[in-house]
Amino acid sequence: MNAPLFLTLHEFVKKARQKLNQDRWDYIVGGTETETTVRRNRLALDSLAFRPRVLRDVSEIDASTRFLGRKLRLPLVLAPIGGLELFAPEGGAAAAGAAQQFGVSHMLSSVCEPGLEAVAQAAPDALRMFQLYARGDADWVDAMAERAIAAGYGAFCLTVDTAYYSRRERDLAKRHSRSGPMPAREFQARLTWSDVARLKDKFDIPLILKGIATAEDADLALEHGVDAIYVSNHGGRQLDHGRGTMEILPEIAAAVGGRAPILIDGGFNRGADIVKAMAAGADLVGIGRMQCIGLAAGGEAGLVRMLEILEQEIQICLGLLGVNAWAGLDLSYLHPSTPVGTGDTLGAFPLLSLEEKSFY
Ligand code: FNR
């Protein structure tokens with residue numbers, strides 16, 4: 001595997017597609033029912049144009065940031081993904097390893113191998129966060145929080161947009177087992193704000209709620225002492241006919257008003273997408289499907305290479321906007337515009353049919 005030979009992000013997409021069977025590919029790209037939410041994530045990003053400023057010294061660009069007291073080379077988190085072992089044998093350990101090597105943060109899904117202790121060992125120095133699906137009662141949830149703390153995770157995240165597992169028609173059509181009954185799923189549906197209050201009360205670890213999609217819930221989260229708000233529609237894999245997350249971000253940013261950091265994900269596949277989120281008030285951007293694609297295309301080294309290309313895209317975008325650090329960026333750099341695509345999951349890669357010289 002000669003990772004540096006990937007020169008564009010779309011080459012990863014093509015390579016991953018070649019390597020994965022149809023089931024695994026569909027698991028990555030699919031969403032719920034009509035996949036309207038998936039498309040809206042992309043369309044919301046594509047409906048924003050930049051307002052660049054010129055003649056400022058942008059010879060030095062610093063795209064790093066700080067999150068939870070740690071310096072990150074880019075304002076990114078590798079979003080929690082269940083079953084990463086389908087894309088690289090080391091699963092979550094490969095993703096955490098790439099995060100550590102490159103210098104971004106990692107959030108481990110509770111339904112990802114090889115589990116939270118092994119991932120902690122694989123990437124002891126990364127800013128690692130742990131994301132939980134409730135698959136048991138309050139005692140079970142609390143025991144998982146204790147394990148995350150013991151293994152040195154920097155934050156504990158509860159995903160709250162998954163009361164029910166949605167109907168993923170790409171899987172259902174194939175009678176694929178992932179859409180069948182899930183063990184102990186009802187515990188997730190029973191979660192309420194009192195669970196949030198209990199976790200805040202009992203544990204001394206930053207608490208994040210993933211799947212906040214309204215200002216009202218962002219407010220409630222802050223009232224309950226939640227430490228960071230993760231704006232997400234689960235990549236369009238849960239509620240269909242939701243808003244694109246870039247449509248949601250302005251009301252959340254206004255409600256939060258700087259009281260807590262904001263994470264966001266959903267269709268942030270290119271450097272320019274990440275810059276748009278940061279201009280609109282995000283503090284950290286989650287990379288979901290692209291992480292699977294990076295791992296499938298080239299394992300841990302491939303994912304590091306993908307992050308390098310994202311960094312180049314971000315730095316060039318910032319420089320061309322006349323900005324040399326995140327602090328200089330705000331909403332005045334964005335303007336509503338006509339989307340050029342149709343919102344396809346891979347709409348950020350319109351050049352997939354280009355032939356590269358085959359040097360893999
Ligand atoms: C996910 N997502 C997810 N979220 C979560 O909280 N726990 C999980 O275990 C998973 N598993 C998962 C598997 C796969 C294959 C995908 C694509 C996504 C959602 C994920 O964290 C994130 O919210 C979205 O993927 C972000 O959208 P993009 O970047 O994929 O468009």
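**A walk around the barrel**

Let me begin with strand β8, which is mostly covered, since 6 of its 6 residues are buried. Before I go on, please keep in mind that what we are looking at is a predicted model.

Which strands does β8 pair with? On one side there is β7, and the two pair in the parallel sense over 4 bridges. If you want to find this pairing on the screen, look for C157, whose bridge partner in β8 is I208, and then for L158, whose partner in β8 is L209. β8 also pairs with strand β9, residues 228-231, again in the parallel sense and over 4 bridges, and here you can pick out I212, which stands opposite V231 in β9.

Now let us step back from this one strand. The strands I have named belong to a set of 8 that close into a barrel, in the order β4-β5-β6-β7-β8-β9-β10-β11, and the pairing is parallel. Neighbouring strands of this sheet are turned against each other by 25° on average, if we ignore direction. On this sheet packs helix α4, residues 92-102, which touches β4 (76-78) and β5 (105-109), and whose direction makes about 165° with that of β5. Helix α13, residues 289-321, packs on the sheet as well, touching β4 and β11 (284-287), and its direction makes about 160° with that of β4.

Where does the barrel close? In the order I gave, β4 stands at one end and β11 at the other, and these two strands run parallel and are joined by 3 bridges. At that place L78 stands opposite I287 in β11. On its other pairing, β11 is joined by 3 bridges to strand β10, residues 262-265, and these two also run parallel, with L263 standing opposite L284 in β11.

Strand β11 is a good place to think about faces. In a regular strand the side chains alternate between the two faces of the sheet. In β11 both of these faces are covered, for L284 and G286 on one side and V285 and I287 on the other are all buried.

Let me pick out one residue of the barrel, L108, which has its place in strand β5. Is L108 buried or exposed? It is buried, because its relative accessible area is 2%, and buried means under 20%. If we leave aside its neighbours within four places in sequence, L108 is in contact with P80, G92, G115, L116, V119, M129, F130, Q131 and Y153. By way of contrast, take E313, which lies 205 residues from L108 along the chain: the C-alpha atoms of the two are separated by 26 Å.

We can now turn to the helices, and I will take α9, residues 193-202, where the buried residues are D195, V196, R198 and L199. Why do I say that they lie on the same side of α9? The reason is that they cover an arc of only 160° around the axis. An α-helix has 3.6 residues a turn, so residues three or four places apart point the same way. What do the buried residues of α9 pack against? They pack against α6 (138-150), β7 (155-159) and β8 (207-212), which brings us back to the strand I started from. The face of α9 turned away from this buried side carries the exposed residues S194 and D201.

Helix α12, residues 271-279, is mostly covered, with 8 of its 9 residues buried. Among them are the charged residues D273 and K276, together with I274, V275 and M278. After α12 comes G281, whose phi is positive, near 110°.

For a contact between two helices, look at α10 (residues 215-223) and α11 (residues 245-256), which pack at an angle of about 35° with their axes 8 Å apart. Their crossing is right-handed. On the α10 side the residues A215, E216, A218, D219 and L222 take part, and they meet E251, I252, A255 and V256 in α11. The residues of this contact divide into 6 nonpolar, no polar and 3 charged.

I will finish with D26, which lies in helix α2, residues 22-29. D26 is buried, with a relative accessible area of 9%. Its contacts, apart from neighbours within four places in sequence, are with R170, D171 and K174.

Note on methods: Residues are numbered from 1 along each chain as its sequence is written. This is a predicted model: local features need pLDDT of at least 70, side-chain atom pairs count only at pLDDT 80 or more; totals for chains, interfaces and linings use all residues. Side-chain values use heavy atoms; hydrogens and water are left out. Axes are lines fitted to C-alpha atoms, for helices over the stretch in contact, and angles run from 0 to 180 degrees between N-to-C directions. A crossing is left-handed if the near helix is turned anticlockwise from the far one by less than a right angle, and right-handed if clockwise. Contact means heavy atoms within 4.5 Å. Buried means under 20% relative accessible area, exposed over 50%, partly exposed in between (1.4 Å probe, protein chains only). The arc is that of the directions from the helix axis to the C-beta atoms. Two strands pair if DSSP finds at least two bridges between them.
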